[in-house]
Amino acid sequence: MTPSTPPGPELLGPLLARLRLARGRSQQFLAAELCAASGVPTLSRHEVSRWERQLRVPGDFWLGWLAVVLAVPVELLAEAAGHSRPARRGTPPADPARPRAGGTAARPRAGGTAARPRAGGTAARPRAGGTAARRPPRRGGPPPAPPGPATRPAPSPGRPARRAGRRSPPATRQ
């Protein structure tokens, strides 16, 4: 028994996948053809996948080039895109624990509060290992010194300083 197509107009994602597969093309090959036809070298198979999975709906520019590359009337694709947009708007928002298409996840802050600017307009300090740690040094001066012996805090006054490496021999009584 073959599954029947649902009643109503066809959505753009399944239509694109069906047209692509009917021509025996991969998402990579379709993306390459779209790049060559449009002169825009930045379209990847990932974007074609997003269109087919209904995560994004291509705009008029890409609909026109899809029609050329897939040899179908642009009206067919535009009508399917028109039906896909309202269907996509009606979907519930993404789960905040799952990554978005861009690769980052919107996670709620501890306590459920939204991020607010600090008093006085100062920005929060970046976390260790964040993007600030990967930025090149500023042009105005020397780069910051790497953490080492010179940047370690001094030992507390009531406690002797520890040396790196071997421990010192125990003190002998006289």
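With which residue does Arg25 form a salt bridge? In this predicted model, the partner of Arg25 is Glu33, and the closest N and O atoms of the pair are 3.0 Å apart. Glu33 is partly exposed, because its relative accessibility of 21% does not fall under the 20% that defines a buried residue. The pair is one of five salt bridges found in a search of the whole structure.

Confidence should be considered before further detail. The protein chain has a mean pLDDT of 73, and 44% of its residues reach 70 or more. Over residues 102–108 the pLDDT stays under 50, and for this stretch the model has ten contacts beyond four places in sequence. Where pLDDT is low, predicted coordinates should not be read in detail.

Helix 3 offers a useful centre for the description. This helix spans residues 45–52 and contains both Glu47 and Arg50, which lie three residues apart, about one turn of the helix. In an α-helix there are 3.6 residues a turn, so residues three or four places apart point the same way. The side chains of Arg50 and Glu47 meet in a salt bridge, with an N to O distance of 3.0 Å. Glu47 also meets Arg56 in a salt bridge, here with an N to O distance of 2.8 Å. Glu47, Arg50 and Arg56 are thereby linked in a network of salt bridges. In general terms, side chains of opposite charge can pair when their charged atoms come close.

The members of this network can also be described by their accessibility. Arg50 and Glu47 are both buried. For Glu47 the relative accessible area is 15%, and the residue counts as buried because this value is under 20%. Arg56, at 36% relative accessibility, counts as partly exposed.

The burial of Glu47 and Arg50 belongs to a wider pattern in helix 3, which is mostly covered, with six of its eight residues buried. The buried residues are Glu47, Val48, Ser49, Arg50, Trp51 and Glu52. Their cover includes helix 1 (12–22), helix 2 (27–38) and helix 4 (60–70). After helix 3 comes Gln54, whose phi is positive, near 65°.

Gln27, found in helix 2, illustrates how this region is brought together. The C-alpha atoms of Gln27 and Val48 are separated by 6.1 Å, although the two residues are 21 places apart along the chain. With neighbours within four places in sequence left aside, Gln27 is in contact with Arg20, Arg45, Val48, Ser49 and Glu52. Among these, Val48, Ser49 and Glu52 are buried residues of helix 3.

Two of the helices that help to cover helix 3 also meet each other. The axes of helix 1 and helix 4 come within 11 Å and cross at roughly 25°. The two helices are therefore roughly parallel to each other, since angles under 35 degrees count as such. Their crossing is left-handed. On the side of helix 1, Leu12, Leu16, Leu19 and Arg20 take part, and they meet Leu63, Leu66 and Leu70 in helix 4.

The loop between helix 3 and helix 4 holds Gly59. Gly59 is partly exposed, with a relative accessible area of 31%. The C-alpha atoms of Gly59 and Ala81 are separated by 8.6 Å, and these residues lie 22 places apart along the chain.

Definitions and conventions:
Residues are numbered from 1 along each chain as its sequence is written. This is a predicted model: local features need pLDDT of at least 70, side-chain atom pairs count only at pLDDT 80 or more; totals for chains, interfaces and linings use all residues. Side-chain values use heavy atoms; hydrogens and water are left out. pLDDT is the predictor's confidence in each residue, from 0 to 100. Contact means heavy atoms within 4.5 Å. A salt bridge is a side-chain nitrogen of Lys or Arg within 4 Å of a carboxyl oxygen of Asp or Glu. Buried means under 20% relative accessible area, exposed over 50%, partly exposed in between (1.4 Å probe, protein chains only). Helices (H or I, at least four residues) and strands (E, at least two) are DSSP runs, numbered from the N terminus. Axes are lines fitted to C-alpha atoms, for helices over the stretch in contact, and angles run from 0 to 180 degrees between N-to-C directions. Angles under 35 degrees count as roughly parallel, over 145 as roughly antiparallel, 65 to 115 as roughly perpendicular and the rest as oblique. A crossing is left-handed if the near helix is turned anticlockwise from the far one by less than a right angle, and right-handed if clockwise.
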